[in-house]
Amino acid sequence: MADKTLVCKDCGKEFTYTEGEQAFYLEKGFTNEPARCPDCRKAKKAQRRESKGY
């Protein structure tokens, strides 16, 4: 496995999906590549948390 450069579906910014991240997610059983960059993932997670009232 090698590092991959992906494009975020929310902001359009390129981000690196590292070899280590790929191995970690594969170990957890996730087969899809991330669609969002780390910043947009954090924002989406915070948005979900706010909507639930946490």
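**Exercises on salt bridges and a hairpin**

K4 counts as partly exposed, because its relative accessibility is 35% (buried means under 20% relative accessible area, exposed over 50%, and partly exposed in between, with a 1.4 Å probe and protein chains only). The model is predicted, so local features need pLDDT of at least 70 and side-chain atom pairs count only at pLDDT 80 or more, while totals for chains, interfaces and linings use all residues. Residues are numbered from 1 along each chain as its sequence is written, and side-chain values use heavy atoms, with hydrogens and water left out.

**Exercise 1.** Find which residue forms a salt bridge with K4, and state which parts of the chain this pair ties together.

*Solution.* Begin with the contact: the side chain of K4 meets that of E33 in a salt bridge, at 2.6 Å from N to O (a side-chain nitrogen of Lys or Arg within 4 Å of a carboxyl oxygen of Asp or Glu). Next, place the two residues: K4 lies in strand 1 and E33 in the loop between helix 1 (19-27) and helix 2, so the pair ties together parts that are 29 residues apart in sequence (helices, H or I with at least four residues, and strands, E with at least two, are DSSP runs numbered from the N terminus). Finally, E33 is partly exposed, because its relative accessible area is 39%.

**Exercise 2.** Determine how many salt bridges the rule gives, and describe the pairs formed by R36 and by K13.

*Solution.* The count comes to three salt bridges. R36 is bridged to D10, with the closest N and O atoms 2.7 Å apart. This pair links distant parts of the chain, since R36 sits in the loop between helix 1 and helix 2 and D10 in the loop between strand 1 and strand 2, 26 residues apart. The side chains of K13 and D39 meet at 3.2 Å, N to O, in another salt bridge. K13 lies in the loop between strand 1 and strand 2 and D39 in helix 2, so parts that are 26 residues apart in sequence are tied together. K13 is partly exposed at 41% relative accessibility, and D39 is partly exposed at 45%.

**Exercise 3.** Describe how strand 1 and strand 2 are joined, and where G12 lies.

*Solution.* The two strands run antiparallel and are joined by four bridges (strands pair if DSSP finds at least two bridges between them). Within this pairing, K4 stands opposite Y17 in strand 2. G12 lies in the loop between strand 1 (4-7) and strand 2 (14-17). The hairpin has six residues between the strands, and G12 takes a positive phi near 80° there. The C-alpha atoms of G12 and R36, 24 residues apart along the chain, are separated by 8.8 Å.
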